[in-house]
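Student: I would like to go through this structure and ask how each label is earned.
Tutor: Good. Ask, and I will set each value against its cut-off.

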Amino acid sequence: MVDTQLDPGIDRAIDTSQMKVTDEVAIQITAMNKWYGAFHVLRDIDMTVYRGERIVICGPSGSGKSTLIRCINRLEEHQSGQIIVDGTELTSDLKNIDKVRSEVGMVFQHFNLFPHLTILENCTLAPIWVRKIPKREAEEIAMHFLEKVKIPEQALKYPGQLSGGQQQRVAIARSLCMKPRIMLFDEPTSALDPEMIKEVLDTMIQLAEEGMTMLCVTHEMGFAQAVANRVIFMDQGQIVEQNEPFEFFRNPKSDRTKLFLSQILGH
Amino acid sequence: MSDTHSRTVAYVRDTMLPEQTPPVAERGAVKWMRENLFNGWLSAVLTVLSLIVIAWAVMALGPWLMRSIWNAGSLSECRQLWAEAGVPAGACWGVINDRLHQLMFGFYPTHLYWRPILVLALLFVALAPILFPWAPKQLLWFSAIFPFLGYWLLWGGSIWVPVSAALGFVAGYAALLALRSFGTLIATIAAFIAPVLWWLVVAGNFVGLMQSVMPLGIEGVRSDRFGGFLISLVIGFTGIGLSLPLGILLALGRQSNMVLIKSVCVIFIEFIRGVPLITLLFTAQLLLGYFLPPGTTFDLILRVIIMVTLFAAAYLAEVVRGGLAALPRGQYEAADALGLDYWKAQRLIIMPQALKISIPGIVNTFIGLFKDTTLVVFIGLLDPVGLSNAIRASSDWQGIYWELFIFIGAVFFIFCFGMSRYSMYLERRLRTDHR
């Protein structure tokens, strides 16, 4: 269907040398089901994520892709089946939930920065209060990651003074300050202008280059093709198809996938 | 020469024009008046009408105020002075002069007036670190002990009573720390039970024991000696200080997923809001006596404080709930995703934003509470309004109205206006959204 290389959205070559998938299981989801009232949002999801994997989850709206990754840090509760993150099973036990959440970073579509705190305070809050890191050390870590997302000069401003792309990069830095082993991205570029999508994608690609385990719900197919090692297509709460990206785009198997790709790639 | 030529004649300015002031109608007071007072015929009519009303009020009140008499021991003395001067009656402020101590302190022993005055001064010291960011944060320790110190200074008696009351909170905190490893819920429950046990079981014996070992105390003052603005301020400030935390807890309880907690909070809020404050005050005066075990002496001022606090807390709970409802769900999710537990998320993320949104409503409730303290006159406490009745019943000041009520109103206005200005300052200071 698509033989050519899609535009990954950034202006530099991607360094794939550190992108290595290991045998170590990071997330294990078995026969997981979720309902919103009577509505069956996620149906019998089975999925294993290995450390170092970069997975892009795509699908039409309402297909349950956001719900799936929100189940992984228990922003949504699943009703049956099993989710094990880094060896910790997610149950109603609050201790396990807090443990998983402090190991898993999440980036939201609408950034969800804390508007009453400065950029630096946004980044140091969780390390200080959850990890119990001394304030000075937390600020050093925060500045390190703010430099990494290329906005250290904004540290003392408030979120309301930043552009959307800058806010999303702060949100990524805020998650990284907790030194997570897994990062979840819930449509991180969907609320951004095209200009700003580029800077956020660049940050995400940089993260992938360092070997971070990532799950991204996104419509950026160029990013998927360039960075992901696996693309998962969901529809009606089920995993319909998954494959390595080149094959996924060139030769989609199911009709649903073909339809979706033809719509989203604008052919 | 053709006319085209004359139009293109070369020109060089030889003198520069000096800067001129704008025309009269476009500058200074005239411009301001035209824009603000006479901007169209409707505006002009309203301006003239307002001026007439102001002039009428000044003409009615002005002469009365001009004939003010400040030093007089009774209304008849005032009348005599006016008669001697051959002028109609004016304002007789002698009543304020004569009864100021009573309006301020009620029947508080005269030689102990320094105690309420000291408490008021210390109150401002205790409030500073809470209200203003420039105040040193170490003062918060003083803010924490001030309620107990203030109680001791006002009511006097053994120092071990407030100390033992404070130790109840220490017991609660100790229980919270000791049982933290058993989980947040157990620790929280223990933190509530421990102080109650302390106050009910241990506190009495503790005070007796310590008093016999080391008697420390100052002259006691009974509640029925309290009156005037002393009573308004004690009830008002204690009510304000206690109702905000209670209101926040009620608002959180109302949003809770736990059905029992939620229904208790809803029933409490709806019941208290649905009943007039005066009914609650009568309950405080009469009914609590029946419910409490016989023999317990339960101070009337304390009962009123409890009722006023519950009343204001119910309103505050709804105000804070409004602030909570205005927060986007993403704020809760971001706090969760970072691994903050419920109380940390509330304290660091949710409440700072929700309370900021609710500031106007909260201060509104506080001002209402403070003014509602005048209702205690109906259950026999002598607040300023109650005292004004007593003063007017005395033979010296029979027939005086305006001067007393103007004075009482002015003092209340100072406090309420202060709160209002503070809330506007706070809103400005906390504005970080840069809209």
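**Labels and their reasons**

Tutor: Start with charge in chain B of this predicted model. Chain B carries 29 positive and 22 negative charges, and their mean positions are 6 Å apart.

Student: What are the matching values for chain A, and how far apart do the centres of the two sets lie?
Tutor: Chain A has 29 positive and 36 negative side chains. The two centres lie 4 Å apart.

Student: What makes chain A as compact as a globular protein of its length?
Tutor: First, the inventory: chain A has nine helices and ten strands. Its radius of gyration is 18 Å, and the globule rule gives 18 Å for 267 residues, so chain A is as compact as a globular protein of that length. The C-alpha atoms of chain A fill a box of roughly 55 × 45 × 35 Å along the principal axes.

Student: Why is chain B called more spread out than a compact globule?
Tutor: Chain B contains 17 helices and two strands. Its radius of gyration is 31 Å, while the globule rule gives 22 Å for 435 residues; the value is well over the rule, so chain B is more spread out than a compact globule. For chain B the C-alpha box is roughly 120 × 80 × 40 Å.

Student: How much of each chain is buried?
Tutor: In chain A, buried residues make up 56% of the 267 residues. In chain B, they make up 37% of the 435 residues.

Student: What does the accessible surface of each chain come to?
Tutor: Chain A comes to about 11200 Å², with 49% belonging to carbon and sulfur atoms. Chain B exposes about 25500 Å², and carbon and sulfur atoms supply 71% of it.

Student: How do you know that B:Cys78 and B:Cys92 form a disulfide?
Tutor: A disulfide is a covalent bond between the sulfur atoms of two cysteines. The cut-off is a sulfur pair within 2.5 Å. B:Cys78 and B:Cys92 have an S to S distance of 1.9 Å, so the pair counts as a disulfide. By this rule the count over all chains is one.

Student: Which hand does the link of B:Cys78 and B:Cys92 have, and where do the two cysteines sit?
Tutor: The link is right-handed, with 70° about the S-S bond. B:Cys78 is in helix H4 (residues 75–85) of chain B, and B:Cys92 is in the loop between H4 and helix H5 (94–105) of chain B. They are 14 residues apart. Both B:Cys78 and B:Cys92 are buried.

Student: Why is A:Cys123 not bonded to A:Cys177?
Tutor: The closest cysteine sulfur to that of A:Cys123 is in A:Cys177, 4.6 Å away. The cut-off is 2.5 Å, so 4.6 Å is too far for a bond.

Student: Why is A:Cys123 called buried?
Tutor: Buried means under 20% relative accessible area. A:Cys123 has 0%, so A:Cys123 is buried. A:Cys58 also has 0%, so A:Cys58 is buried.

Student: What makes B:Gln346 buried?
Tutor: Its relative accessible area is 7%. The limit is under 20%, so B:Gln346 is buried. B:Gln346 is found in helix H15 (residues 342–372) of chain B.

Student: Which residues does B:Gln346 touch, not counting those up to four places away in sequence?
Tutor: B:Gln346 touches B:Leu252, B:Tyr332, B:Met351 and B:Pro352.

Methods
Residues numbered from 1 in each chain as written. Chains lettered and ligands numbered in written order. Heavy atoms only, no water. Helix = DSSP H or I, 4+ residues; strand = E, 2+ residues; numbered from the N terminus. Rg over C-alpha atoms; globule rule 2.2 N^0.38 Å. Buried < 20%, exposed > 50% of the residue type's maximum accessible area, 1.4 Å probe, protein only. Areas by Shrake-Rupley, 256 points an atom, 1.4 Å probe, with all protein chains shown as cover. Lys, Arg positive; Asp, Glu negative; His and termini not counted. Charge placed at Lys NZ, Arg CZ, Asp CG, Glu CD. Contact = heavy atoms within 4.5 Å.
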